Amino acid sequence: MNESGARTDEPGREAGEGVRTFVLERRIRESDVITSFVLRPRDGRPPAPHRAGQHLTLFADIPGRGRQKRNYTISTAPNGETYRISVKREPEGTVSTWLHDAAGEGTLLDIAPPSGGFVLAPSDARPLVFVSAGVGLTPMVAMLEGLAAEGRTPRLQFIHCTQNNATHAFRAHVRSLAAALGAETTFFHTRAGEDERAGHDYDSAGHLTPDWLLEHSPVAEAEYYLCGPLGFLRTFVPALARAGVSSERLHYEFFGAVEDLFDEPPQVSAPPVPAAAVAARRSRTGPGFTRAIIGDALLDSAADAVVVSDAAGDIVLWNPGAERIFGFTEDEALGQSLDIIIPEPFRARHWEGYRETVASGESRYGAGDMLAVPGLTRDGRRISLEFTIALIKDEAGKVTGMAALLRDITPRFEEMKALKKKVAALQAPA
Ligand SMILES: Cc1cc2nc3c(=O)[nH]c(=O)nc-3n(C[C@H](O)[C@H](O)[C@H](O)COP(=O)(O)OP(=O)(O)OC[C@H]3O[C@@H](n4cnc5c(N)ncnc54)[C@H](O)[C@@H]3O)c2cc1C
């Protein structure tokens with residue numbers, strides 16, 4: 001092990017189904033949050049072949065955390081010599097943070113052969129539309145390189161969403177590959193800085209929407225390839241399907257982050273209950289069971305936390321369940337920002353989603369979607385929470401706040417982590 005705790009010279013780790021040891025040859029900073037790592041087989045033989053868009057499985061021995069297994073897309077076309085992966089630093093993510101902060105040239109990593117079905121069809125008969133968000137552009141970059149290497153020139157649109165210049169990875173590379181392929185690029189910056197210029201740094205400020213995509217791409221004939229966070233896929237995959245894009249033409253890859261901690265596949269939510277059904281329910285409540293009485297009983301309970309915040313994110317309701325789970329009394333919590341229960345590394349991401357929901361009037365998550373996030377208690381403990389949210393709107397339909405129903409699932413989360421560790425140890429090469 002070297003100073004960072006990473007392996008640099010331990011021999012004999014190459015056992016296992018196709019698992020080979022690779023040497024980290026080079027790091028390349030692609031943006032403030034994404035770094036690429038070039039990996040060369042230590043035995044001098046070519047790496048196992050891959051198809052552009054596939055991912056490898058990497059095993060990292062992290063001091064204090066043991067052997068960790070993660071998937072990373074190979075962000076280059078096959079070159080017969082090396083793999084490149086491009087990794088986003090996840091706040092407090094075990095492997096991504098270790099790769100960013102501790103892995104250096106010479107670090108050894110065990111890698112299982114590439115796999116995955118997120119690859120291009122061999123024919124160029126149909127136009128291609130690549131749609132990515134954040135680090136989800138890695139398979140698209142490999143596919144662009146693959147098309148260029150094979151001399152293929154399909155009709156192609158490359159649409160990518162990222163926050164701003166600081167987070168925008170591979171921009172120059174994508175532009176030059178797209179120019180060589182005669183492809184069109186459209187970059188959305190959701191939080192473009194004041195110094196950024198439309199037409200130069202990005203093409204469109206704000207978020208890509210389903211309406212824009214349906215209007216600007218050949219919906220009736222294109223093969224769509226999408227990769228991005230769960231909320232992104234939940235927005236665009238059903239929208240394209242509803243617009244008539246058949247499942248054979250709709251390809252997507254999910255990287256997962258917080259949500260995939262429980263290994264749940266992305267789900268399409270159940271349709272919302274029609275307004276008529278809600279009205280009918282109301283009429284069934286009789287004396288003693290009015291909505292107000294039932295609502296109060298739920299709100300006064302210490303079972304689950306109910307936290308209601310206004311459009312600015314300040315707490316306006318804090319029930320006994322919230323007191324029990326987070327440790328703040330009602331007096332301490334009211335009027336405070338939701339930041340009091342959000343661990344620092346998650347705040348930026350939280351507020352981005354919050355503001356977006358207030359502005360759009362729509363949550364990216366469907367009814368019944370269970371979200372899993374870390375939370376923070378009054379005494380600084382980190383807990384794991386599952387929660388659902390309901391939007392509160394005024395008569396004009398404008399979002400005035402949000403009600404979150406939260407449950408502390410720390411014991412289950414820890415148990416799941418321990419079980420995963422055991423399974424990983426059993427699956428690890430001898
Ligand atoms: C097919 C495939 C391809 C992929 N390709 C790429 C790629 O090209 N580039 C890339 O960057 N990623 C890619 N990923 C994602 C990658 O595999 C990892 O999931 C990612 O790097 C995060 O791993 P981590 O160890 O850093 O985070 P983890 O430690 O696994 O944590 C994941 C998230 O959960 C949060 N978390 C930690 N503790 C808690 C808690 N107690 N309660 C709730 N939340 C918690 C962490 O803060 C973090 O944000 C891919 C995934 C798949 C499945």
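How do the residues of the shell around the ligand divide into nonpolar, polar and charged?

**View 1. The shell around the ligand in this predicted model.** The residues of this shell divide into 13 nonpolar, twelve polar and five charged, where Ala, Val, Leu, Ile, Met, Phe, Trp, Tyr, Cys and Pro count as nonpolar, Asp, Glu, Lys and Arg as charged, and the others, Gly among them, as polar. In total, 30 residues surround the ligand, the closest being T73, G93, T94, V95 and S96; a residue belongs here if its C-beta atom, placed from the backbone, lies within 6 Å of the molecule. At least two residues of the shell come from each of β4 (66-73), β5 (83-88), α1 (94-101) and β15 (371-376), with helices (H or I, at least four residues) and strands (E, at least two) taken as DSSP runs numbered from the N terminus. Residue numbers start from 1 along each chain as its sequence is written. Because the model is predicted, local features need pLDDT of at least 70 and side-chain atom pairs count only at pLDDT 80 or more, whereas totals for chains, interfaces and linings use all residues.

**View 2. Helix α10 and the residue that follows.** Spanning residues 344-360, helix α10 has 17 residues and reaches 25 Å from its first C-alpha to its last, close to the 24 Å expected at 1.5 Å a residue, a span reckoned as 1.5 Å times one less than the number of residues. Just after α10, G361 takes a positive phi of about 80 degrees.

**View 3. Confidence along the chain.** The mean pLDDT, the predictor's confidence in each residue from 0 to 100, is 86 for the chain, and 86% of its residues reach 70 or more. Over residues 257-271, however, the pLDDT is below 50. Where pLDDT is low, the predicted coordinates should not be read in detail.

Methods
Contact = placed C-beta atoms within 7 Å.
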